[in-house]
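The exercises that follow are meant to be worked through with the sequence and the model open side by side. Try each task before reading its solution.

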Amino acid sequence: MSDDPTRLQRILDQLTVLMDQLAVQTWYLTDEDTYGLVNQAHAQFLGRDKDELEGRRLEELFPPAVAEICRRSNRIVLESRAAVEVEEWVTDARGELRLLEITKTPSISAAGTVSHIICSGQDITRRRAAEERRAQSEANFRTLVETLDDLVLISGAGDRILHANPSAVRKLDYADSVLQAMTLVELHPTWDKPEAARSLEELVAGTRPSCRLPLRNRQGGLIPVETWIWAGTWNGQPCRFGLCKDLSKEQESQQKFETLFRRNPALMAINEAQTLRFVDINEAFVKVLGYSREELLGRTGRELELFPDPEQQARVAEMVRTYGKVEEVALHVRDKAGQLHTGLFAGDMVERQGCHCFLTVMVDITERRRAAAERERVIVELRAAMDQIKTLKGIVPICAKCKKIRDDRGYWQQVEAYISQRTEANFSHGLCPDCAETLYVQHGLGDAGGRPDLSQARPWSPAVPRVEDQRRAGGGGVRAGDRRGVHLRIGLAGVGDPQAQPVIRPAAAGHHLQSNAACPDPGLVRRRLTAHRALPATKGRQRGDSKARCVLPGLPVAARLAAHASRRHRCGWAHSSRQRPRAEPSVAQA
């Protein structure tokens, strides 16, 4: 018996070493709130020495709230005399709250009472965080599955459907209980079931990425889908997740695009982004450029020599690759016949069956540019014409009797002078047949005072009329005429008689006006005509002067044209036929 204390001490030391080697925190309580022995793991977790813990009360080591939680669970063990598992948040040596999973087991004495409580604990803070993350992830996944517009079908053993999301239930129009009695293959049309079974196996094996077989709803209608399948777990059981993407809207959009693409009057084409080969073209492209679809598809614009400047087309393609689109870029395109077309190009980067492509649209503006050039030419011509036009605007004060116009300075001017100064118009003076006839009758011209015979009048000629003295035997000749008047015969009866009356009548024919006597003195003709108010009185030269001139304005002379002819417009009657007279200015130049 003397060896018993030594042996017991040795056993105690061995148990202490064993407890200290355990990674699990271990300690025991002598009652509901007093520490007994503590192993090294628990002491390190609390940041204390084992001696500081052994024999100490819980409220001396922990905050009152934590100590109370520990006493409560300890009390349950003492009263129930059964093991209890609890989770308690405890502050560790670094001051962080850590979650401990503690198992408390009562130690029953021979008397049947609880002598102490043996505790073991593990830090499950990280595990709990991972579980929470996993739970959150599962919740998010379930939420995603439940809210997806695509069909999600989860199958278990034998491909029986375990779960279908609300979208699958709604679109397939089956009750959830009916779906759970069906397999994935049974959701396909009868004629597609063999291929669907093979596709499912290939999808599970990973030899096929997806399957585009349609599904059939309860009414027999087909739903275009693309299906992906992968393995996983659902509610702890192995399963297959099937995601069926509904392609109904995509096919509807594709049909709209095809309609717009094919029937668009603008030239449209789809080219591969890397090679620039034509993948598709619309009817307008074929019609305008003259190529067939077979000649274009699979070839590039450079091979067909569509672009006179291939480098410019390459730069536009690079802009689309860099920026994703281009707008209103002018390019020239050559059709099959070699004719050039000018177009405004717009392009976007699109994806077609998993391949990046250029969608280009060309608006042919060749005719528009031609029309614009023609319009500019007409505008230039109109502006040039407008620069040559002067206009009169506003109220013009004119005399009601003599028809003179008052200018801005208060002077009265002839209508012809006023308009000529302010416009580009010129006037040509003459007499209309009615006025000529009235003036002849008024002045008693013609045979026996009758009306002159105008049948021999020569039409207007642009040539400037001339007057010449031709000094012929038996009579003198005068050539005269105005721009719209008549040719007259002027006869001087009794040249030597100062009372003789001039006889003026239409010429018989031709261009000469014949007098009935020689004209030794041109001044006499002037004086005789002046005396009878046919000409205004002018100052002439002396008799016998070979350069003496008789003032004769444009015919008809007897019409008193001097009333509206300027004095500077004269015609000469030269005494000598060898001297060439100066030209008679037109009355229109007055």
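Two strands are taken to pair if DSSP finds at least two bridges between them. The model used throughout is a predicted one, and its secondary structure comes to 18 helices and 22 strands.

**Exercise 1. Work out the strand order of the open sheet of 4 strands, and state which strands lie at its edges.**

Solution. Following the pairing from one strand to the next gives the order β7-β6-β11-β10, with antiparallel pairing. The next step is to look for strands that pair on one side only, and these edge strands are β7 (161-164) and β10. On average, and with direction ignored, neighbouring strands of this sheet are turned by 20 degrees against each other.

**Exercise 2. Describe how β10 is joined to β11, and what lies across the two strands.**

Solution. Begin with the backbone: β10 and β11 run antiparallel and are joined by 10 bridges. As a general point, strands of a sheet pair through backbone hydrogen bonds, either parallel or antiparallel. Within the strands, W228 stands opposite L243 in β11. Finally, helix α9, which covers residues 193-205, lies across β10 and β11 and runs at about 55 degrees to β10.

**Exercise 3. Classify the ring pair of W27 and Y35 as stacked, tilted or edge-to-face, and then decide whether each residue is buried or exposed.**

Solution. The structure holds 7 aromatic pairs. One of these is formed by W27 and Y35, whose ring centres are 6.5 Å apart and whose planes stand at 50 degrees, so the pair is tilted. For burial the cut-off is under 20% relative accessible area; W27 has a relative accessibility of 5% and therefore counts as buried, and Y35, at 4%, counts as buried too.

**Exercise 4. Carry out the same analysis for W230 and F241, and place the pair in its surroundings.**

Solution. Here the ring centres of W230 and F241 are 5.8 Å apart and the planes are at 20 degrees, so this pair is stacked. Because W230 belongs to strand β10 (residues 225-234) and F241 to strand β11 (residues 237-246), the pair ties together parts that are 11 residues apart in sequence. In terms of accessibility, W230 is partly exposed, with a relative accessible area of 41%, whereas F241 counts as buried at 7%. Widening the view, ring pairs link F141, W230, W234 and F241 into a cluster. The ring of W234 also has the charged end of R142 sitting over it, 4.0 Å from the ring centre.

**Exercise 5. Why does C244 form no bond with the closest cysteine sulfur, and how many disulfides does the whole structure contain?**

Solution. A disulfide is a covalent bond between the sulfur atoms of two cysteines, and the cut-off applied to the sulfur pair is 2.5 Å. For C244, the closest cysteine sulfur belongs to C211 and is 8.8 Å away, which is too far for a bond; C244 itself counts as buried, at 4% relative accessibility. C432 is likewise in no disulfide, with the nearest cysteine sulfur, that of C435, 3.4 Å away, and C432 counts as partly exposed at 37% relative accessibility. A search of the whole structure finds 0 disulfides.

**Exercise 6. What share of the residues in the protein is buried?**

Solution. Of the 590 residues in the protein, 37% are buried. A companion value concerns contacts between residues at least 6 apart in sequence, of which 43% join residues at least 24 apart.

Terms used
Residues are numbered from 1 along each chain as its sequence is written. This is a predicted model: local features need pLDDT of at least 70, side-chain atom pairs count only at pLDDT 80 or more; totals for chains, interfaces and linings use all residues. Side-chain values use heavy atoms; hydrogens and water are left out. Rings of Phe, Tyr and Trp (its six-membered ring) pair if their centres lie within 6.5 Å; planes under 30 degrees apart count as stacked, over 60 as edge-to-face and the rest as tilted. Buried means under 20% relative accessible area, exposed over 50%, partly exposed in between (1.4 Å probe, protein chains only). A charge sits over a ring if NZ of Lys or CZ of Arg is within 6 Å of the ring centre and within 35 degrees of the ring normal. Axes are lines fitted to C-alpha atoms, for helices over the stretch in contact, and angles run from 0 to 180 degrees between N-to-C directions. Contact means heavy atoms within 4.5 Å.
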